[in-house]
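Trainee: I have this one open on my screen and would like to talk it through with you. Could we start with the pocket and then move on to the loops and helices?

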Amino acid sequence: MKAAIYPGSFDPVTFGHLDIIKRAAQIFDELTVSVLNNKTKTPLFSVEERVKMLEEATRDLPNVRIESFSGLLIDYARDKNIHVAIRGLRAFTDFEYELQIAQTNRKFSGGDLDTMFLTTSLEYAYLSSSTVKEVASFNGDISQCVPEFVGKLIYQKYGYDR
């Protein structure tokens, strides 16, 4: 069975993330979308909230499983016996950063973890979770960025009733 992990913060999940998830789910028999519990960041949503959002957003994809993890991706992948990590690229500037992480993961995993890069569809190339949060914090329209139910949750976090 071909399996892969798509790790990330997903704070919040965007149409760009969902684009990568759907395409990776077509390539692999099983895709585990793993929400990172990064203790160095202060997310808008808790890990549990992000997992629930992703479960709802991917409920029509039978080969996608949502989990959370903390620590090193290489350790998590080893525990799951998965040897491929998926990463999305929006622009060339993403590649430089992501390549360094991919090479580090491969080296530190003893060659057991490879990274597959999927370029984001052009319609989502501008999109980032940070941008979504910034626009929403000013009560701006994020309907082109996230599923409707996610948008409502984001606006609630900022005290807006939409």
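Trainee: What is the lining of the largest pocket like by class?
Mentor: By class, 18 nonpolar, 16 polar and eight charged residues make up the lining of the largest pocket, and please keep in mind throughout that this is a predicted model.

Trainee: How much space lies in the largest pocket?
Mentor: The space in the largest pocket comes to about 1300 Å³, and among the 42 residues that line the pocket, those closest to its centre are Gly 8, Ser 9, Lys 41, Arg 87 and Glu 98.

Trainee: And which elements give two or more residues to the lining?
Mentor: Those elements are the strands β1 (3-8) and β4 (84-89), together with the helices α1 (15-27), α3 (73-80), α4 (92-108) and α5 (129-137).

Trainee: Which of them gives the largest share?
Mentor: The largest share comes from α4, which supplies eight residues to the lining of the largest pocket.

Trainee: Changing topic, where is the cis peptide bond?
Mentor: The cis bond runs from Asp 11 to Pro 12, with omega near 0°, and Pro 12 sits in the loop between β1 and α1.

Trainee: What about the phi of Phe 10?
Mentor: Phe 10 is not a glycine, yet its phi is positive, at about 50°; Phe 10 also belongs to the loop between β1 and α1.

Trainee: Is Phe 10 buried or exposed, and why?
Mentor: Phe 10 counts as buried because its relative accessibility is 3%, and the cut-off for buried is under 20%.

Trainee: Where does Thr 14 fit in?
Mentor: Thr 14 is another residue placed in the loop between β1 and α1, and it is buried, with a relative accessible area of 3%. Leaving aside residues up to four places away in sequence, Thr 14 touches Leu 127, Ser 128, Ser 129, Val 132, Cys 145 and Val 146.

Trainee: Back to positive phi, then: what is the value for Asn 81?
Mentor: Asn 81, a residue other than glycine, has a positive phi near 55°, and its place is in the loop between α3 and β4. As for accessibility, Asn 81 is exposed, with a relative accessible area of 56%.

Trainee: Let's go to the helices. How do α2 and α6 pack?
Mentor: Helix α2 (residues 47-57) and helix α6 (residues 148-157) pack at an angle of about 155°, and their axes are 10 Å apart. The two helices are therefore roughly antiparallel to each other, since the cut-off for that description is an angle over 145 degrees.

Trainee: Which residues meet there?
Mentor: From α2 there are Glu 49, Met 53, Glu 56 and Ala 57, and these meet Phe 149, Val 150, Leu 153 and Lys 157 in α6. By class, the contact has five nonpolar and three charged residues, with no polar ones.

Trainee: Leu 54 is in α2 as well, right, so what does Leu 54 touch?
Mentor: Leu 54 is indeed found in helix α2, and, not counting residues up to four places away in sequence, it touches Phe 10, Val 13, Ile 21, Val 33, Val 35 and Ile 66. Leu 54 is buried, with a relative accessible area of 0%, and its C-alpha atom is separated by 8.3 Å from that of Val 33, although these two residues are 21 residues apart along the chain.

Trainee: And where is the place of Thr 58?
Mentor: Thr 58 lies in the loop between α2 and β3 (64-69), where it is buried, with a relative accessible area of 4%. Its contacts, again not counting residues up to four places away in sequence, are Leu 18, Ile 21, Val 64 and Ile 66. The C-alpha atoms of Thr 58 and Lys 22 are separated by 8.4 Å, with their positions 36 residues apart along the chain.

Trainee: Last one: how far apart in space are Ser 143 and Glu 56?
Mentor: From C-alpha to C-alpha, Ser 143 and Glu 56 are 17 Å apart in space, and they are 87 residues apart in sequence. Ser 143 is found in the loop between α5 and α6 and is partly exposed, with a relative accessible area of 48%.

Notes: Residues are numbered from 1 along each chain as its sequence is written. This is a predicted model: local features need pLDDT of at least 70, side-chain atom pairs count only at pLDDT 80 or more; totals for chains, interfaces and linings use all residues. Side-chain values use heavy atoms; hydrogens and water are left out. Axes are lines fitted to C-alpha atoms, for helices over the stretch in contact, and angles run from 0 to 180 degrees between N-to-C directions. Helices (H or I, at least four residues) and strands (E, at least two) are DSSP runs, numbered from the N terminus. Angles under 35 degrees count as roughly parallel, over 145 as roughly antiparallel, 65 to 115 as roughly perpendicular and the rest as oblique. Contact means heavy atoms within 4.5 Å. Ala, Val, Leu, Ile, Met, Phe, Trp, Tyr, Cys and Pro count as nonpolar, Asp, Glu, Lys and Arg as charged, and the others, Gly among them, as polar. On a 1 Å grid over the protein atoms alone, a cavity is a set of points where a 1.4 Å probe fits but cannot get out, and a pocket is an open set with protein on both sides within 12 Å along at least five of seven lines; lining residues have an atom within 4 Å of a point. Grid points are joined across faces, edges and corners, and a volume is the space filled by probe spheres set on the points. Buried means under 20% relative accessible area, exposed over 50%, partly exposed in between (1.4 Å probe, protein chains only).
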